[in-house]
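This report describes the fold of one protein chain for a reader at the bench. The sequence and the model are shown first.

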Amino acid sequence: IWELQNKYWYLRRACTDIDTLPDLLERAGVSWRYYLGDNDYINTLALIEHIVFGPMIDKVETDDDFFTDLANGDLPAVSWLIPDVGVSEHPAAASMCEGENWTVETLNAIMRSPEWRNTAVVVTWDDFGGFYDHVPPPHVDLYGFGPRVPMLLISPWAKQGHISSDTLEFSSVLKMIETIWDLPSLTVRENLYIAARHNGGGASAWTVERVLDFFPRLKDRLGN
C-alpha cells in the first residue's frame, strides 16, 4: 500500500469544488440538465460547491421533468437521468424487476419520440453488485479500475448487435461526450487515453469511439 501511495498519492480538499462535465458544457454553450429522481445516493452535483450555490443548480430537475421535456421535444443536448431509489435495482430498495421495467419503459419512450434519431443512450450502473469477477482490473492510478459493471449504449448510430471486449471505464462516457461536442478533457484518465492512442494504443484505450463508430455521422446530423 505504501508503494501505491508514494506513486499515486496527492492531497485534495475535504470540501469539493472542482470542474465538472456540466462546467465544460456551460462554457461551450451546450445545453444540459441533470434529472434526479428521489435518490439522494446519486445526487452528485450536490457535492460541488459552485454548483450548489450558483445558477447551475437550476438545471437539476426531477425525473418527471425528463418525461415532460421528452414529450415536448425539449430535451437538452446532454442529459443525466437518475431513477427513484425504488427502481434503482438495489435489492434492498425494491424488486430488481421493477428497476428493469422502469429502464425498458424509459428506453421505449425515448425510442418512440422524435428525439430518438439524434440520441445515444448510455445505460450503466454505479457498482458491480458484489458479484465475483475473475478478470483483475487494471491499476492505472491510485484508485485503479474496479470490478467490471455492465454498460449498454443504445442508439440508431451504434453498431447493431455489437459486443465490445475493449477495456472501458466510467470516464469513457465523458470522453464520448467530449468528442461529440469538441470539449477539452476533464480528467487525467482521458489524458491517459490520449497518450495511449498517441503511442499506438488505438481507440480501444478506454473510449467508446471504436466500439460505436458513430461519431462522424452523429456530428454531421447535429450540424457540428
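The sections below treat the overall fold, the packing of two helices, the nonpolar cores and selected loop residues.

**Overall fold and confidence**

The structure is a predicted model. Its protein chain contains 9 helices and 5 strands, which follow one another in the order α-α-β-α-β-α-β-α-β-β-α-α-α-α. Of the 224 residues in the chain, 35% are buried. When contacts between residues at least 6 apart in sequence are considered, 69% of them connect residues at least 24 apart.

The average pLDDT of the chain is 81, and 78% of the residues reach at least 70. Residues 198-205 have a pLDDT below 50, and in the model this stretch makes 12 contacts beyond near neighbours in sequence. Where pLDDT is low, predicted coordinates should not be read in detail.

**Helix α2 and its partner α6**

Two packed helices are described by the angle between their axes and the distance between the axes. For α2 (residues 21-28) and α6 (residues 170-180), the axes approach to within 11 Å and cross at roughly 0 degrees. An angle under 35 degrees counts as roughly parallel, and α2 is therefore roughly parallel to α6. On the α2 side the contact involves Leu21, Leu24 and Leu25, and on the α6 side Leu174, Ile177 and Glu178. Sorted by class, this contact comprises 5 nonpolar residues, no polar residues and 1 charged residue.

Helix α2 has further partners. Its buried residues include Leu21, Pro22, Asp23, Leu24 and Leu25, and the buried residues of α2 pack against β1, α3 (49-52), β3 and α6. Immediately after the helix, glycine 29 adopts a positive phi of about 75 degrees.

**The nonpolar cores**

In soluble globular proteins, nonpolar side chains tend to be buried together. The largest nonpolar core in this model has 21 residues, and Leu21, Leu25, Trp32, Val78, Ile177 and Trp181 are those with the most contacts inside it. At least two residues of this core come from each of α2, β1 (32-36), β3 (78-82) and α6. Helix α6 provides the largest share, 4 residues. A second core, separate from this one, has 9 residues, among them Leu70, Ile110, Val121 and Val123.

Trp32 can be followed in more detail. Leaving out residues up to four places away in sequence, Trp32 touches Pro22, Leu25, Glu26, Leu45, Met56, Lys59, Pro76, Val78 and Trp80.

**Two loop residues**

Aspartate 182 and proline 138 both lie in loops. The table gives their accessibility.

| Residue | Loop | Relative accessibility | Class |
|---|---|---|---|
| Aspartate 182 | between α6 and α7 (188-198) | 55% | exposed |
| Proline 138 | between β4 (121-124) and β5 (151-154) | 36% | partly exposed |

Aspartate 182 is classed as exposed because its relative accessibility of 55% is over 50%. Although aspartate 182 is not a glycine, its phi is positive, at about 55 degrees.

Which residues does proline 138 contact, leaving aside neighbours within four places in sequence? They are Gly144, Phe145 and Thr167. Proline 138 and threonine 167 are 29 residues apart along the chain, and their C-alpha atoms are separated by 9.0 Å.

Notes
Residues are numbered from 1 along each chain as its sequence is written. This is a predicted model: local features need pLDDT of at least 70, side-chain atom pairs count only at pLDDT 80 or more; totals for chains, interfaces and linings use all residues. Side-chain values use heavy atoms; hydrogens and water are left out. Axes are lines fitted to C-alpha atoms, for helices over the stretch in contact, and angles run from 0 to 180 degrees between N-to-C directions. Angles under 35 degrees count as roughly parallel, over 145 as roughly antiparallel, 65 to 115 as roughly perpendicular and the rest as oblique. Contact means heavy atoms within 4.5 Å. Ala, Val, Leu, Ile, Met, Phe, Trp, Tyr, Cys and Pro count as nonpolar, Asp, Glu, Lys and Arg as charged, and the others, Gly among them, as polar. A nonpolar core is a set of buried Ala, Val, Leu, Ile, Met, Phe, Trp, Tyr and Cys residues joined through side-chain atoms within 4.5 Å. Buried means under 20% relative accessible area, exposed over 50%, partly exposed in between (1.4 Å probe, protein chains only). pLDDT is the predictor's confidence in each residue, from 0 to 100.
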